[in-house]
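The following exercises concern cysteine pairing, burial and surface character in a single protein model. Please work through each task before reading its solution.

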Amino acid sequence: MNTVARVALGMVAAPSAAVAVYLHGVWAGHFLDLRATSEYCPAKPLDSTSTSADWLPLRHLCRYADGTTTDLVPAYVNPIVFLCLAVAVACTALTLRSARRP
């Protein structure tokens, strides 16, 4: 397999991995959970605004009455997603550069 084909494969594999890890973060972070918030944030009494969620970077925080928070999304999700996206951009740039060379 030549270099252009390898880089083009990376251009497809990296975003696919980013999507897979992102969906894992959505699942593990209880974004789709229909249970009461107190069931997946049971550590302490909850604040009046018990959770907050961000989609990019992926974050789902349990807010407790004492002012502390706990992120339900695993810590490795966002770094892996952004690393995969950076690899995809680099592979795209390398593919375009290689395609323009004679």
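**Exercise 1.** Determine whether Cys-41 and Cys-62 are buried or exposed.

*Solution.* Cys-41 and Cys-62 are both buried, where buried means under 20% relative accessible area, exposed over 50%, and partly exposed in between (1.4 Å probe, protein chains only). The model is a predicted one, in which local features need pLDDT of at least 70 and side-chain atom pairs count only at pLDDT 80 or more, while totals for chains, interfaces and linings use all residues. Residues are numbered from 1 along each chain as its sequence is written, and side-chain values use heavy atoms, with hydrogens and water left out.

**Exercise 2.** Find the disulfides of the structure, and give the handedness and sequence separation of what is found.

*Solution.* Step 1: apply the criterion, a pair of cysteine sulfur atoms within 2.5 Å. A search of the whole structure yields one disulfide. Step 2: identify the partners. The sulfur atoms of Cys-41 and Cys-62 are 1.7 Å apart and form a disulfide. Step 3: assign the handedness. The torsion about the S-S bond of Cys-41 and Cys-62 is about -55 degrees, so this disulfide is left-handed. Step 4: place the ends. Cys-41 lies in the loop between α2 (37-40) and β1 (46-55), and Cys-62 in strand β2 (residues 58-64), so the pair ties together parts that are 21 residues apart in sequence. Helices (H or I, at least four residues) and strands (E, at least two) are DSSP runs, numbered from the N terminus.

**Exercise 3.** Explain why Cys-91 is not bonded to Cys-84, and classify the accessibility of Cys-84 and Cys-91.

*Solution.* Step 1: consider the distance. The closest cysteine sulfur to that of Cys-91 is in Cys-84, 10 Å away, which is too far for a bond. Step 2: classify. Cys-84 has a relative accessibility of 14% and therefore counts as buried; Cys-91, at 11%, is also buried.

**Exercise 4.** Locate Leu-85 and state which surface patch includes it.

*Solution.* Step 1: Leu-85 belongs to helix α3 (residues 77-100). Step 2: its relative accessibility is 38%, so Leu-85 counts as partly exposed. Step 3: Trp-55, Leu-56, Phe-82 and Leu-85 make a nonpolar surface patch of about 430 Å².

**Exercise 5.** Describe the setting of Pro-15 and list its contacts.

*Solution.* Step 1: Pro-15 is part of helix α1 (residues 3-28). Step 2: with a relative accessible area of 26%, Pro-15 is partly exposed. Step 3: leaving aside residues up to four places away in sequence, Pro-15 touches Gly-10 and Ala-88, contact meaning heavy atoms within 4.5 Å.

Methods: Patch = residues over 30% accessible without salt bridge, like charges linked within 9 Å, V, L, I, M, F, W, Y side chains within 5 Å. Areas by Shrake-Rupley, 256 points an atom, 1.4 Å probe, with all protein chains shown as cover. Salt bridge = Lys/Arg side-chain N within 4 Å of Asp/Glu carboxyl O.
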